[in-house]
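Trainee: I have not seen this structure before. Could we go through it by question and answer?

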Amino acid sequence: DLRLMLDNPNTFLRDLDMTKLSTTGSQFIEKTMFGRNVELSTIKDAYRRSISGDCGLVTISGTSGTGKSLLANEFGKFVSADGGIFLSGKFDQLQQGKPFSALASTLNEYCGILLHEDMASTKEKVAFQLRSVLGKESYHLTKIIPNLATILGSALPVLSHSEDCINAQKRVQYLLCQFVEVISSSSSAPITLFLDDLQWADAASIAAVNQLLFASGPLSHRNFFFLG
């Protein structure tokens, strides 16, 4: 093919004015969900039950490439349009050695939202509740949720503990669950937490999610919905 072009340049090669080219027929494919309306409706129904006072959580299963993440993102658009807060995090196979990575980054994103001017009242409410519930222990969360330090202010104590790694992780696990309890009860809008690629979650994160969903009391008191 290249030899034909070189031998017959007038036939195969010509200058084009790119400003005059028509894009008709060009394919710029936007990510669109097809054939998952039943699943989307199921998630929406579970969400509505959850924010109405019933217990609710949903996990999406399937092989890679079947549109699980796209389905969750479509649901996220629905949550936002309905006045809720959709927090999205993703576990990474390469981050398995870093405990709580996806959970911490997602909660850090939420703290970033609270720093916006129009969220000032919620930010103050969350800060007050965290100081009341966690006290000095909130310092440990600021090590993995940097935006939380800004919310709580500069009067954070620096604590030192001599626990081994396992006990330290259990403490952070407990504090993360308490943090979700506080932000859920402090928010006037329902909060949805979506954690993608749970198959790559580290053991500490799995334990934290299990405690959050099953060991800390009924979800119906939290204004909270989980999608994984």
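Trainee: Are Phe86 and Phe194 buried or exposed?

Mentor: This is a predicted model, and the answer applies to the model. A residue counts as buried under 20% relative accessible area and as exposed over 50%. By that rule Phe86 and Phe194 are both buried.

Trainee: What kind of aromatic pair do Phe86 and Phe194 form?

Mentor: A pair of aromatic rings is described by the distance of the centres and the angle of the planes. For Phe86 and Phe194 the centres are 6.1 Å apart and the planes are 20 degrees apart. Planes under 30 degrees apart count as stacked, so the pair of Phe86 and Phe194 is stacked.

Trainee: How many residues apart are Phe86 and Phe194 along the chain?

Mentor: Phe86 belongs to strand 2 (residues 85-90). Phe194 belongs to strand 3 (residues 191-196). The pair links distant parts of the chain, and the separation is 108 residues.

Trainee: What kind of pair do Phe75 and Phe78 form?

Mentor: Phe75 and Phe78 sit 3 residues apart in helix 4 (residues 68-81), so about one helical turn separates them. Phe75 has a relative accessible area of 0% and is buried; Phe78, at 18%, is buried as well. Their ring centres are 6.0 Å apart, with 35 degrees between the planes. That angle is neither under 30 nor over 60 degrees, so the pair counts as tilted.

Trainee: Which residues form one aromatic cluster?

Mentor: The count of aromatic pairs in the model comes to 7. Phe75 and Phe78 form one of the pairs, and Phe86 and Phe194 form another. These four residues belong to one cluster, whose members are Tyr47, Phe75, Phe78, Phe86, Phe194 and Phe225.

Trainee: Which helix gives the most to the lining of the largest pocket?

Mentor: The largest pocket has a volume of about 160 Å³. Its lining includes Ser101, Ala104, Ser105 and Asn108, and it divides into 5 nonpolar, 4 polar and 2 charged residues. With 4 residues in the lining, the helix that gives the most is helix 5 (residues 101-114).

Trainee: Where does Phe100 lie, and what is its phi?

Mentor: Phe100 is one of the residues that line the largest pocket. It lies in the loop between strand 2 and helix 5. At 3% relative accessibility it is under the 20% cut-off, so Phe100 counts as buried. Phe100 is not a glycine, yet its phi is positive, at about 65 degrees.

Trainee: What is the phi of Asp197?

Mentor: Asp197 lies in the loop between strand 3 and helix 10 (203-215). Its relative accessible area is 17%, so Asp197 is buried. Its phi is positive in a residue other than glycine, with a value near 55 degrees.

Trainee: Which residues does Arg131 touch, not counting residues up to four places away in sequence?

Mentor: Arg131 lies in helix 6 (residues 120-134). Its relative accessible area of 43% falls between the two cut-offs, so Arg131 is partly exposed. The C-alpha atoms of Arg131 and Leu152 are separated by 7.8 Å, although the two residues are 21 apart along the chain. The residues that Arg131 touches are Ile151 and Leu152.

Trainee: Over which residues is the pLDDT below 50?

Mentor: The mean pLDDT of the chain is 80, and 75% of its residues reach 70 or more. One stretch has a pLDDT below 50, and beyond near neighbours in sequence it has 0 contacts in the model. That stretch is residues 21-30.

Conventions
Residues are numbered from 1 along each chain as its sequence is written. This is a predicted model: local features need pLDDT of at least 70, side-chain atom pairs count only at pLDDT 80 or more; totals for chains, interfaces and linings use all residues. Side-chain values use heavy atoms; hydrogens and water are left out. pLDDT is the predictor's confidence in each residue, from 0 to 100. Contact means heavy atoms within 4.5 Å. On a 1 Å grid over the protein atoms alone, a cavity is a set of points where a 1.4 Å probe fits but cannot get out, and a pocket is an open set with protein on both sides within 12 Å along at least five of seven lines; lining residues have an atom within 4 Å of a point. Grid points are joined across faces, edges and corners, and a volume is the space filled by probe spheres set on the points. Helices (H or I, at least four residues) and strands (E, at least two) are DSSP runs, numbered from the N terminus. Ala, Val, Leu, Ile, Met, Phe, Trp, Tyr, Cys and Pro count as nonpolar, Asp, Glu, Lys and Arg as charged, and the others, Gly among them, as polar. Rings of Phe, Tyr and Trp (its six-membered ring) pair if their centres lie within 6.5 Å; planes under 30 degrees apart count as stacked, over 60 as edge-to-face and the rest as tilted. Buried means under 20% relative accessible area, exposed over 50%, partly exposed in between (1.4 Å probe, protein chains only).
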